[in-house]
Amino acid sequence: MIGLDVGSTTAKKVSIEDGEIKYQIAGTHNWKDLITGIDGNDIISTGYFRKSIPHRASVTEITAAIYGVRHYFPDADVIVDIGGQDTKVIDVKKNNFIINDKCSAGTGAFLEFVANYFKIELKEMGSFHSRAKRIPAINNTCGVFALSEMISQLVAGYTQEEVIAGMHYAFARRISFMIPEAQKLVLIGGTVKNKGMLSALEDILQKEVLVPDEPQIVNALGALKYYC
Amino acid sequence: MKLIQKYKLTVNNWCIVQKKTAITALVPPELIFACNSEPFDVNNVIPGSKKYPRNKLCAWTAIWQEMLSKREIDIDSLIVVAGGDCHNALVDGQKVAMSGIPTHFFFYPFDGDPDYLESQLYKLSDFLGNVGSPEKPGQIRELKKLGQKIDKKRADGKISAGDAFRIMISFSDLMGNLDKFKEVISSTKERKIDLKNRVALIGVPPIFHDFHDVARALGLAVVFDELPFEFIRHSGNDIPGIARDYCNYTFARPLDFRIKFLQEELEKRKVDGIIHYTQFACHHMLEDEIMRSNLDYPMLTIQGDLPGNTPEQIKLRLEAFRELLERS
Ligand code: SF4
């Protein structure tokens, strides 16, 4: 049996062999490569395309995240899943969830926007952030206005590194509005690999934010655990 | 300009030319029929319309405003429910009035004062040309009893939520024709409905025409519709009677009144969770946190904007909510 998470940009496959988690990640367009030789009856699917791929059972990303995170942090009470198109906040204890899929300012797309502007790779954003000496205030929580504010800060003399750090703070502030009181807060989704954003969020929330070793495969693992 | 259609009904050999009166929200249909007018709830056409209004806050009011101002709906006059309900309607209603349609503004009392409502109903009756068919409210009362049976059967799993909703929501204007409406109600087919994951739908009705059917397909049984329930709950045989009953129309009253009512109703219907539908740019959105802290059930808040099919993003939330209810 495998857990298969096919989302808008990547597809992830997880299986558990002799108690060990095995996984594979591919671009969404290559999702079929992940299941060569695997029967549809052995697939528990999740992610945006969960219903359009072969599956024995399917589960939403929200429930999959709860089961997947539980594997790493059994007592997590709030899960934040920052994806490319949306951000989900799941209050595990209170059994509640909210999804922001209306405004790009609170999703991974916002940071991609910034990376594109500076013509750098998304994964470089963290190291740019760490070289910042000052952090300019970027107050707008709207993606488009934040971008023009960012340009004004560049003109005002802040370096590219500092402006990137400022944008991480603007992004983290936006996310923090969605997060309820939590003892143990876990962050998942591709965006959390960005250390700059993570440290901005910890600073704003004034608390440690936990990240599983492989935050991207949590939902595929969760789908599997949900069923088995 | 298009000719305004008049509906002809023959009563006691007298030929009455029935006027068509549009309403923007709940206005006692008892009085409109009694004044020999045919109510038409302008919201009926919106979920199925493909309109993208130019200048909008809430799509409900923006669409009817545009359709009425452009005379895309044939009516003789308009009653705007303003006080105690919706300020967007108050402004969009004035735009329609400025376009030349005779318009009356109707105000519910926030404090539930029946005397105030009575005076409002007398003004409305003047606007409509006064009571000419005093037997109509009694006939409507009988139809509302049928509506309450439909609601009960739905909560007992004998009628689908979609069928029950379509009938209950039509009680705002009773399709403008009591006999025709009675036929529609009696043709409702009974069938066995799975009532796992019983949910209450609170807030204004969803702007998506297929919402109840989608919820059912995703494993949620809607056993309560807050606003449509108001449509079948109130009646009255004459103006003072209508005033005494409709002054408890929950949507026009303070939130604690509405919440107490909800608490009792949800308890009776043994719901497992609540879906709070909110409309983009509607003040009712502000009530979400109050509902959450006062109604002790798992709650999903969703928001709609333009009419059409239930969007995929909302389907995801409904499905996740079902999984959540099954976990708890
Ligand atoms: S949804 Fe809200 S803003 Fe829109 S018509 Fe209804 S009450 Fe008014």
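Chain B of this predicted model has 13 helices and nine strands. Helices (H or I, at least four residues) and strands (E, at least two) are DSSP runs, numbered from the N terminus. The C-alpha trace of chain B spans about 60 × 40 × 35 Å along its principal axes. For 328 residues, a compact globule would have a radius of gyration near 20 Å, and the 19 Å of chain B agrees. That radius is taken over C-alpha atoms, and the globule rule is 2.2 Å times the number of residues to the power 0.38.

Of the 328 residues in chain B, 58% are buried. Buried means under 20% relative accessible area, exposed over 50%, and partly exposed in between (1.4 Å probe, protein chains only). Among contacts in chain B between residues at least 6 apart in sequence, 72% join residues at least 24 apart. A contact means heavy atoms within 4.5 Å.

Next, the interface. Here 18 residues of chain A are in contact with 16 residues of chain B. The buried area is about 1,500 Å², with 48% from carbon and sulfur atoms. Buried area is the accessible area (1.4 Å probe) that two parts lose on being put together, summed over both. On the chain A side, Asn95(A), Phe97(A) and Asp101(A) lose the most area to chain B, together 36% of what that side buries.

Three salt bridges join chain A and chain B. Each puts a side-chain nitrogen of Lys or Arg within 4 Å of a carboxyl oxygen of Asp or Glu. Glu319(B) forms a salt bridge with Lys51(A), with the closest N and O atoms 2.9 Å apart. On the side of chain A that touches chain B, helix H1 (61–72) and strand E8 (96–100) of chain A are the elements that give two or more residues. H1(A) supplies the largest share, five residues.

Two non-glycine residues with positive phi also deserve a look.

| Residue | Phi | Loop | Relative accessibility |
|---|---|---|---|
| Gln206(A) | about 55° | between helix H6 (195–205) and strand E10 (209–210) of chain A | 63%, exposed |
| Met175(B) | near 55° | between helix H6 (161–169) and helix H7 (178–186) of chain B | 31%, partly exposed |

Residues are numbered from 1 along each chain as its sequence is written, and chains are lettered from A and ligands numbered from 1 in the order in which they are written. Local features need pLDDT of at least 70, side-chain atom pairs count only at pLDDT 80 or more, and totals for chains, interfaces and linings use all residues, while side-chain values use heavy atoms, leaving out hydrogens and water.
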